[in-house]
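Student: Could we go through this structure together, with a few questions about its burial, its charged pairs and its core?

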Amino acid sequence: MMLAAMLTNGWAQDLITPHQDNSVSGTENGHAWVDLGLPSGLKWATCNVGAENPWDYGDYFAWGETIYFSMPLNDMAYHKYVYNWSTYLDSRITCTEDCGTEKDLLRGIDDIKGTQYDAARANMGGSWRMPTLKEIHELVHECYWEWTSSYNVKGLAGYIVYKVKDASDKGKEKNSDGSVTTVGSYSLSDTHIFLPAAGFRYEFEFLYVGTLGGYWSSSLNTDSQNYVWTAWRITFGPDHPGLGSYDRCSGQCVRGVVDPSVCTITVTSNNSQYGTVSGGGLYAANSTATLSAMPYEDYKFVQWSDGNKENPRQIVVMSDMTYTAVFEEDADGIADIIAAGINIYTAGKTIIVENATEAITVSDALGRLVGKDDAQIVPAETRKFPVPSSGVYVVKIGNRAASVLVR
């Protein structure tokens, strides 16, 4: 059984050219996700936690644990290789009767999504997390499931979970018998994820590898006190996918999900020695992010990687995006403005602008407005802008901008 797991966990897969998966919709923290058109908008990862390819088994986790078993065993000290109650969590639970008592580290926690006990969050990072019971129920009943004994000619069995092309195909399954009628026709070029039949771990054993699949949810079985030693999972064999609960101490696969409302904005500098940037992070979809580029002394901001020259600039967050600030050398840091005959200098915590006839705004490094003068003054007058603290500020005069260091 262990040999089978070794051979099917991705060691020999380089012999075959991987299928080009057209269903990848985006990435979060370096991991790809797919939009299956679910009512919740939830996005599902293309691979199991710990897997490099959709057909790899990845790692096996006890529910609520973030250490795992994987092949090959590089260092036993950092891998779990026995799955039973005596090795579960902090090893205080010795039998099922201890679950839910003071011996249970997870006592009183009905759902571990996004917590320190979430294997997807701990191993994938970013906003990845384990799916809830409600969400695995949605996956089973809102998609079309098709069993295969050799996904993408890899020789690995499991279920292909398709985004449905017609509402009447929701919840339908084509099992090993091959008898099903769908309105849409489905192939690997269509939007899907693949859940390999990776089996599960108990004690030292790999069980039902290539025949069954078990994928944890983040939800404890709270149907009654008699079941708190189990947690909910997707479970399937060649004949049927469904939901069930199983011993928390067993090693199951984990497939991460990411909420639809969370997008990652990455902001970088073309040269970290030329300047710094701000504004990157996680944002709700349709929210506004402010990006700022702060050049160091003797350098200037030129533009963003998409050609936009506003600094700071605001964007409406619609998806994961990366913006790079382009800096270049500038002999005096504000050459463009000086060439226009404008003088900028500081006196204490005040920025002073001379000989400017256009509207002026002053923003901090986070893009927050700290000073503004909309007047277009002819002849030019000296204008002063007090700032709250030391730091780099962006002074925008008409369409020109310069970074000013206030000490």
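Tutor: Let us begin with a term: a residue is buried when its relative accessible area is under 20%, exposed when it is over 50%, and partly exposed in between, using a 1.4 Å probe and protein chains only. This is a predicted model, in which local features need pLDDT of at least 70 and side-chain atom pairs count only at pLDDT 80 or more, while totals for chains, interfaces and linings use all residues. Residues are numbered from 1 along each chain as its sequence is written, and side-chain values use heavy atoms, with hydrogens and water left out.

Student: Is Asp364 buried or exposed?

Tutor: The relative accessible area of Asp364 is 11%. Because buried means under 20%, Asp364 counts as buried.

Student: With which residue does Asp364 form a salt bridge?

Tutor: A salt bridge is a side-chain nitrogen of Lys or Arg within 4 Å of a carboxyl oxygen of Asp or Glu. For Asp364 the closest N and O atoms are 2.7 Å apart, and the partner is Arg368.

Student: Which residue forms a salt bridge with Asp169?

Tutor: Asp169 is buried, at 0% relative accessibility, whereas its partner is partly exposed, at 26%. The closest N and O atoms are 3.8 Å apart, and the partner is Lys172.

Student: How many residues does the largest nonpolar core have?

Tutor: A nonpolar core is a set of buried Ala, Val, Leu, Ile, Met, Phe, Trp, Tyr and Cys residues joined through side-chain atoms within 4.5 Å. Among those with the most contacts inside the largest one are Trp44 and Phe236, and its number of residues is 66.
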